[in-house]
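Here are my notes on the model you sent over. Have it open while you read, and go through the points in order.

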Amino acid sequence: MSSIIQLLPDHVANQIAAGEVVQRPASVVKELLENAVDAKADDIKLIVKDAGKSLVQVIDNGVGMSPQDAKLCFARHATSKIRNAEDLFSLHTKGFRGEALASIAAIAHVEMKTRQSNEELGTHLIIEGSKFVSQDVAVLPQGTSFAIKNLFFNIPARRNFLKSDTVEFRHILDEFQRVAMAHPQIHFTMYHNGSEMFNLPASNLRQRIVGIFGGRTNEKLVPIAESTEIVSLEGFAGKPEFSKKNKGEQFFFVNDRFIKSGYLHHAVMAAYEGLLKEGCQPSYFIYLKVPPHSIDINIHPTKTEIKFDDEHALYAILRASVKHSLGQFSVSPVLDFER
Ligand code: ADP
Ligand code: MG
């Protein structure tokens, strides 16, 4: 009797995996921006055409890749960021799954240019639908550029499922803003259809938030600062009188990674208790630093949900700290707290 089970070829496995990692152009934006951050770039450009449907390009001035790595980075589970399972508990990088580039290359046309600082020449590589088209030596600036074209060219159902440019662009903006907010020390620029949307010079947290949400945000921010053994907190809570009817700008970052957490949101809302007008939502920008071993980031491919060891303690500290900041503000409204 012969066996009917077969291992899927790599390009098919990659295409299936891509469904999880790449839902829309914004997913590509997120993965490429995070790779640029992990490559220690201090200058990152995002170029988008037609809400990412025609082009998503990220150019960084980071460490670049060797000619060998330039090819290997498209293999599945190929990563320079972790070596073994223990490393999962001491993560200092955005990526670690080694899946993004393999997935993206399986469902798009990818052109990559990369050069390491100690090399005179770089690598220019083209891969389309997991097939290597060309790899050449080229004169290039230091760092890496990934240009992703024709996303979902080989999955028409996915392509047709994409929303209007307005909606897809909104998702891209969200991802860009989240990464830019997590890394105020990096210079970010963003272009859409040839016009500059953002130019955010390297600065501090307050300036970065103001750079993204506009000059009038500045006076609305009350600083938060707290340091305990299990978490250090910084960031800003929006003054209650600036809360909005439907939804404020609400952000949590854990170890420089944007996350969603209904539980932590609840803690913040508890701190605002009695301060908000009926049905209003505050804005907040809260950055938590916790020991890497006390969280599990590996529960979701997009890594926007994480598990904390000591959720209850975190809740209590967050609530107390935000409450304290808001209280302090109402006693002494003249706060000139530059960070
Ligand atoms: P991960 O980020 O989880 O490691 P990716 O598929 O996103 O997986 O990237 C694979 C590898 O390619 C990375 O581990 C890194 O070594 C390399 N790489 C990707 N993007 C860049 C970049 N912009 N600059 C330098 N190296 C990169
Ligand atoms: Mg990555």
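1. Helix H6 has 18 residues and spans 26 Å from its first C-alpha to its last, close to the 26 Å expected at 1.5 Å a residue. Bear in mind that this is a predicted model.

2. Which residues of H6 are buried? Take the end of the helix and you get a run of them: Glu-175, Phe-176, Gln-177, Arg-178, Val-179, Ala-180, Met-181 and Ala-182. Phe-169 and Ile-172 are buried too.

3. As for what H6 (residues 165-182) packs on, the helix lies across strands E11 (250-254), E12 and E13, and runs at about 125° to E12.

4. Those strands belong to an open sheet of five, ordered E9-E10-E13-E11-E12, with mixed pairing. At the edges sit E9 (221-227) and E12 (257-259), each of which pairs on one side only. From one strand to the next, the twist averages 20°.

5. Inside that sheet, have a look at E10 (residues 232-238) and E13 (residues 284-289), which pair in the antiparallel sense over six bridges. If you want one pair to click on, Glu-234 has Tyr-287 in E13 as its bridge partner.

6. Now the domains: the chain is divided into domain 1 (10-200) and domain 2 (205-331). Their C-alpha centres lie 29 Å apart, and the contact takes 16 residues from domain 1 and 17 residues from domain 2. On the side of domain 1 that touches domain 2, the elements giving two or more residues are helix H1 (10-21) and H6. H6 gives the most there, with five residues.

7. The largest nonpolar core has 83 residues, and the members that touch the most others are Val-29, Leu-33, Ile-104, Ala-105 and Ile-286. Both domain 1 (10-200) and domain 2 (205-331) give residues to this core, so it lies between them. Ala-105 is worth a click: leaving aside neighbours within four places in sequence, this residue is in contact with Phe-74, Val-110, Ile-127 and Ser-130.

8. Last, a hairpin. Strands E4 (residues 122-128) and E5 pair in the antiparallel sense over seven bridges, and Thr-123 has Val-137 in E5 as its bridge partner. Two residues separate the strands, and in the turn Gly-129 has a positive phi of about 55°. Is E5 buried or in the open? Of the eight residues of E5 (residues 131-138), the number buried is zero, so the strand lies largely in the open.

Conventions: Residues are numbered from 1 along each chain as its sequence is written. Chains are lettered from A and ligands numbered from 1 in the order in which they are written. This is a predicted model: local features need pLDDT of at least 70, side-chain atom pairs count only at pLDDT 80 or more; totals for chains, interfaces and linings use all residues. A nonpolar core is a set of buried Ala, Val, Leu, Ile, Met, Phe, Trp, Tyr and Cys residues joined through C-beta atoms within 7 Å. A residue is buried if 20 or more other C-beta atoms lie within 10 Å of its own, exposed if 12 or fewer, and partly exposed in between; C-beta atoms are placed from the backbone. Domain bounds come from an automatic or database domain assignment. Two residues are in contact if their C-beta atoms, placed from the backbone, lie within 7 Å. Two strands pair if DSSP finds at least two bridges between them. Helices (H or I, at least four residues) and strands (E, at least two) are DSSP runs, numbered from the N terminus. Axes are lines fitted to C-alpha atoms, for helices over the stretch in contact, and angles run from 0 to 180 degrees between N-to-C directions. The expected span of a helix is 1.5 Å times one less than its number of residues.
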